[in-house]
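Thanks for making the time this morning. I would like to take you through one model, starting from a single residue and working outwards, so please keep the structure open in front of you as I talk.

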Amino acid sequence: MTPSLRVQVALPGPFWQPLSYLLPDDVANQATVDLQAWSQGWLGWRVAVPFRNQTKIAVVVGVNQDDGVDASKLKPLLHKLDDEPLFNAQDLAFLHWAASYYHEPLGEVVMAALPKRLRVGKPLSLPGVVTWQRSVLGQTVSVDQLSARAHKQRALWQAFCDDQAWSSSQLNAAFSQWQPLVKRWVEQGWLVVSEGACLAQKTLPASVRHSLNEEQAAAVAQVQASKGFRCFLLDGVTGSGKTEVYLALIEQVLAQGKQVLVLVPEIGLTPQTAARFEAYLQQPVVALHSGLNDQERHCAWQVMRRGEAQVMLGTRSALFTPFANLGLCILDEEHDLSFKQQDGFRYYARDLLIRRAQMLQIPVVLGSATPSMESLHNAQSGRFGYLRLSQRAANAQPPQLRLLDVRGDRLQEGLSNKALHQMREALAAGGQVLVFLNRRGFAPVLLCHSCGWQGSCSHCDANLTYHQASDSLKCHHCGFQQPKPKACPACGATQFVALGQGTERLEQFLTQQFPTHSILRIDRDTTRLKGSLAEKVGQARDGAADILIGTQMLAKGHHFPKLTLVVMLDLDQGLFSVDFRGAERMAQLLVQVAGRAGRASQPGRVLIQTHQPEHPTYQQLLREGYAGFAADTLRDRQLANLPPFGFQLLVRVEAVDSNQAVAFLEAIKDLLLAVPVSQPCEVWGPVTAPMAKRQNRWRYQLLLQAETRGSLQAWWQAVAADVYAHPLANRIRWSIDVDPQET
Ligand code: ADP
Ligand code: ZN
Ligand code: ZN
């Protein structure tokens, strides 16, 4: 073969095509004529390449493609990094597809599929993970020897007594501020440190198994009967035993020696979830989420690729993990917005997972009590298999929903007397109460009492929220923060009014109203420390708190057996959203939060405090439940050609100079309108984004809509090259959002 053999590599950065490199001379001279065999020796391998006087880490994604570049212009690559390829042909085909569907540079997609350590050139082999376990001395120390009042210490020591070894991420997930205690115990000789295999050994408690009810068994049977690829929607009310169905399916696939990937929402992955899976399956489950350090991520990636573990439970990015032998994919809470990556590479994990399963010819199961309109439509039209669980398992009754009309009532800190009265009754009966308010902080607006000045963010088009604990004003969009002013910046007066309710204020008020009850607030402010969310959720579940105050962090997946009453405040705002998905999101939130109530033997009630008791959305949800709401919503969407009956692509622009932003979008629009299209395609805008300014940049957007994915993609493809070549393309920030979830 000629020495001009070349490979195409994916590098991180805005390269619209993989870059070509020549093979190192010594290799090129030895290359055999068998191109097929030769490709195998390069595709998917990690290589070092020279790039602008630097050495970069890249992955070979193509061999000997004709790139039209003269060989004399190409540099040879430096060397391979590993003894084996990182990705096989199937993995690469999937990454290629993702890059082209989302119009993202392939290099960025490939890098998203690699743990950071491998991106920066660290060796493939693993150094092992540090774990702590009891020493011989430690085994003689029982929890009772620790001070009875040191609850945290006792809980942590108990964990060491129950399990053989704990890694830092496992500790992080279950405990906050464990480091000083572990350090002290190592110094006292109670714990020993070991660096070992990256799957920490644990003894797994056995779990209770339920025999599946009829609907569950039917669901399992249908998935098992499918051959090759098929996507299923498991539409099951809250508490209907969807997780039991997943576990039964997983067990079958494991028995065939295959691996399983389970995706869950960002905040649904608590240590309890992983423990439930491990106890049922009696084998380690590899967790992959944002709480892991680089080494642990590398480990998780590696054990799945090597086939050393069979089950991975992860958040959205886990879907890029290469698997040795994947046999089933599951995605729980499929409606959840955290599956959509909202910046950078804006992929939708649900859609990519379906595509991946299709390429691998394996089944995929999407589960939810409140399915997205997209998935419902696919299930109703027969494209997905439709599995339903209509009843709560374990004899629990469905929660009773009631609207609490508060028009004209005196509200104290946003709560009506009726709601307070119901709370008292529920508490007196020994139940737990959840008050749901989806706004953190003390008050969303701080106002000057004499002139009406309002605290607003100087970088964004948004109010500053008053936080009492820190006596400061914070922007929830860009993170800007300032102390509360001593005097009004406009008129110098010193009296301010905090308007509206946040969870902090609610907590203060409820503490006054219920002095003898314990209150637990769970929102982003009270769960900043690593592990503290899991800790608080654990306390809530064990019934350690009588009253829970929570934002949407509490809406998902959690199981609070003692909870009998849920009071929802301020849902009304969801009725008037400008986003066409606003009502869908509100309905999902309502049903999910309501679903936390009465999951055990005690029945649950849900009160929705509203000024809009006659609003059709509420009325329908109460009368016909989520299914009725969904049927109407789908009908409306069809009339308006909105998703899932139409497809959208959003071009977003952010610029310091708003004229440039608009000019760029106008130029794109002109290009689009000049393309002859065969099927109806529409372009809307440019318009300002729902939040017109953020972090000092003006935001505009242009919406493309078409009847099929194919025509939308073709339309954009027709202008893409010209858009990238536009003089403004390199001067302002812009991005493409295919299937946007917030428009
Ligand atoms: P979901 O995932 O649909 O919210 P879960 O799988 O968490 O529901 O199940 C809710 C509760 O019902 C759990 O406590 C679970 O152990 C119990 N459960 C599930 N399936 C059965 C069954 N077939 N018989 C008895 N209890 C069950
Ligand atoms: Zn003033
Ligand atoms: Zn801001």
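Let me begin with Leu328, which, once its neighbours within four places in sequence are set aside, is in contact with Leu249, Ile250, Val253, Val260, Ile362 and Pro363. I should say at once that this is a predicted model, and that what follows should be heard with that in mind. Leu328 lies in strand S13, and it counts as buried because 24 C-beta neighbours fall inside 10 Å, where 20 or more is the cut-off for that label. The C-alpha atoms of Leu328 and Phe229 are separated by 9.5 Å, although the two residues are 99 residues apart along the chain.

From that residue we can move to the sheet around it. In what order do the strands of this open sheet of seven run? The order is S11-S12-S10-S13-S14-S9-S15, and the pairing is parallel. At the edges we find strand S11, residues 285-288, and strand S15, residues 385-389, each of which pairs on one side only. Averaged over the sheet, and with direction ignored, neighbouring strands are turned by 20° against each other.

Looking at one pairing in detail, strand S9, residues 230-236, runs parallel to strand S14, residues 363-368, and six bridges join them; Cys231, for instance, has Val364 in S14 as its bridge partner. Helix H13, residues 349-360, lies across S9, strand S10, S13 and S14, and runs at about 160° to S13.

Next, the ligand. Ligand 1 is surrounded by 14 residues, and the closest of them are His210, Gly241, Lys242, Thr243 and Ala393. Which element gives the largest share of that shell? That is helix H10, residues 242-255, with three residues. As for character, the residues of the shell around ligand 1 comprise nine polar, three nonpolar and two charged.

Let me step back to the chain as a whole. It is divided into six parts, namely domain 1 (6-120), domain 2 (129-196), domain 3 (214-386), domain 4 (400-442 + 500-637), domain 5 (444-498) and domain 6 (647-738). The C-alpha centres of domain 4 and domain 5 lie 27 Å apart, and between these two domains, six residues of domain 4 are in contact with nine residues of domain 5. On the side of domain 4 that touches domain 5, the residues divide into three polar, two charged and one nonpolar.

Towards the start of the chain there is another sheet to look at, an open one of five strands in the order S2-S1-S4-S3-S5, with antiparallel pairing. Strand S2, residues 19-22, and strand S5, residues 79-80, stand at its edges with a single partner strand each, so one side of each is left without a neighbour in the sheet. Four bridges join strand S1, residues 6-10, to S2 in an antiparallel arrangement, and within that pairing Arg6 stands opposite Leu22.

At the other end, strand S30, residues 681-694, and strand S31, residues 697-706, run antiparallel and are joined by eight bridges, with Val687 standing opposite Gln701 in S31. The two strands form a hairpin with two residues between them, and in the turn Gln695 has a positive phi of about 45°.

I would finish with some backbone details that deserve a second look. Strand S30 also holds Pro686, and the peptide bond leading from Gly685 to Pro686 is cis, with omega near 0°. A cis peptide bond also joins Pro643 and Pro644, with omega about 5°, and Pro644 is found in the loop between helix H19, residues 616-639, and strand S29, residues 647-655.

Then there are two aspartates with positive phi. Asp570 has a phi of about 60° although it is not a glycine, and its place is in the loop between strand S27 and helix H18. Asp739, likewise not a glycine, has a positive phi of about 55° and is found in the segment after strand S32. Are these residues buried or partly exposed? Asp570 is partly exposed, with 16 other C-beta atoms within 10 Å, whereas Asp739 is buried, because 21 other C-beta atoms lie within 10 Å.

Note on methods: Residues numbered from 1 in each chain as written. Chains lettered and ligands numbered in written order. Predicted model: local features only at pLDDT ≥ 70, side-chain atom pairs only at ≥ 80, totals over all residues. Near = placed C-beta within 6 Å. Nonpolar A, V, L, I, M, F, W, Y, C, P; charged D, E, K, R; others polar. Pairing = 2+ DSSP bridges. Axes fitted to C-alpha atoms, helices over the stretch in contact; angles between N-to-C directions. Contact = placed C-beta atoms within 7 Å. Domains from an automatic or database assignment. Buried ≥ 20, exposed ≤ 12 C-beta atoms within 10 Å, placed from the backbone.
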